[in-house]
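Me: Please take a close look at one topic in the structure below, the pairing of charged side chains. I should like a connected explanation, with each term defined as it appears.

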Amino acid sequence: MSRVGESVPHASGTHQSPQVEALLRRVIDLVEQARPMPLSSASMIDKEEVLDLLNESIARLPDELRAARWLLKEREEFLAKVRREGDEILELARSRAERMVQRTEVVRAAESRARQILEEAASEARRMRNETDDYCDQKLAGFEALLEKTLRTVSNGRTKLQGNLAAQRRQTGDEDAASEPRGPAIFDQDLA
């Protein structure tokens, strides 16, 4: 288990976003450079090549997702460990207090020490929990920014592709084809 402040290991050890973005740009280039079919406004693209590029893009994304899940798992394990340590400290304090019950002064001293140990344990647990939450929040914020950038890139590519298709249809006078569905929805936004 890593300590708070250490970096999260990735499967490849490097940031994957530029590679995924490059793959998506290659798909966009393939679509943009597609050969038009004779006597038609449709274009031909190599289906296998596009599917291979998209599948490779998807295969590279889980490294970031695994890193986020790993952070959450590490946080839960860390909190469980802190709870166990806190319970052990509490149990130790209780057993010491029970042994000291025989004398009044000893009882008072034991109760005072037990309270101090409990307060220290609770304070330490809060501090460790806050550090863990801050660390996870920082890593998840970076991951969120990466996903937002990837989403913007994909959205921009789709917008550009839709604009190119609409322009081609206007040039060929095929306005009815512009309003026809283009196939199954790929993203959740397409279903709305």
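Reply: Arg94 and Glu91 are separated by about one helical turn, because they stand three residues apart in helix α3. Helices here are DSSP runs of H or I with at least four residues, strands are runs of E with at least two, and both are numbered from the N terminus. The closest N and O atoms of Arg94 and Glu91 are 3.7 Å apart, and the two residues form a salt bridge. That term denotes a side-chain nitrogen of Lys or Arg within 4 Å of a carboxyl oxygen of Asp or Glu. In general, side chains of opposite charge can pair when their charged atoms come close.

Before going further, the basis of these values should be stated. This is a predicted model, in which local features need pLDDT of at least 70 and side-chain atom pairs count only at pLDDT 80 or more, while totals for chains, interfaces and linings use all residues. Residues are numbered from 1 along each chain as its sequence is written, and side-chain values use heavy atoms, with hydrogens and water left out.

How accessible are Arg94 and Glu91? Arg94 counts as partly exposed at 45% relative accessibility, and Glu91 likewise counts as partly exposed at 46%. The scale calls a residue buried under 20% relative accessible area, exposed over 50%, and partly exposed in between, with a 1.4 Å probe and protein chains only.

A second pair lies in helix α4. The side chains of Arg127 and Glu131 meet in a salt bridge, with 2.5 Å from N to O. These two residues are four positions apart in helix α4, which amounts to about one turn of the helix. Arg127 is partly exposed at 38% relative accessibility, and Glu131 is partly exposed with a relative accessible area of 33%. Elsewhere, salt bridges that share partners join Arg75, Glu76 and Asp133 into one network.

Within that network, the side chains of Asp133 and Arg75 meet at 2.5 Å, N to O. This pair links distant parts of the chain: Asp133 belongs to helix α4 (residues 104–172) and Arg75 to helix α3, with their positions 58 residues apart in the sequence. Asp133 is partly exposed, its relative accessible area being 28%. A search of the whole structure finds eight salt bridges.

Other residues also show how helix α3 (residues 62–99) is placed. Phe78 lies in this helix and counts as buried, because its relative accessible area is 14%. Phe78 and Thr132 are 54 residues apart in sequence, yet their C-alpha atoms are 8.0 Å apart in space. Arg69 is also found in helix α3, but it is exposed, with a relative accessible area of 52%. The C-alpha atoms of Arg69 and Leu140 are separated by 9.7 Å, although the residues are 71 positions apart along the chain.

Charged residues may also gather without pairing. Asp46, Glu48, Glu49 and Asp52 form a patch of negative charge on the surface. For such a patch, residues must have over 30% relative accessible area and no salt bridge, and like charges are joined within 9 Å. Asp and Glu count as negative, Lys and Arg as positive, and His and the chain ends are not counted. Glu48 is found in helix α2 (residues 47–60), and so is Ile58. Ile58 counts as exposed at 53% relative accessibility; its C-alpha atom is 8.1 Å from that of Val20, a residue 38 positions away in sequence.

Finally, the chain as a whole gives the setting. There are six helices and two strands, which follow the pattern α-β-β-α-α-α-α-α along the sequence. Of the 192 residues, 22% are buried. Among contacts with a separation of 6 or more, 75% join residues 24 or more positions apart, where contact means heavy atoms within 4.5 Å.

Definitions and conventions
Patches are made of residues with over 30% relative accessible area and no salt bridge: like charges are joined within 9 Å, nonpolar side chains (Val, Leu, Ile, Met, Phe, Trp, Tyr) within 5 Å. Accessible areas come from the Shrake-Rupley method with a 1.4 Å probe; for residues, only the protein chains shown count as cover. The place of a charge is taken as NZ of Lys, CZ of Arg, CG of Asp or CD of Glu.
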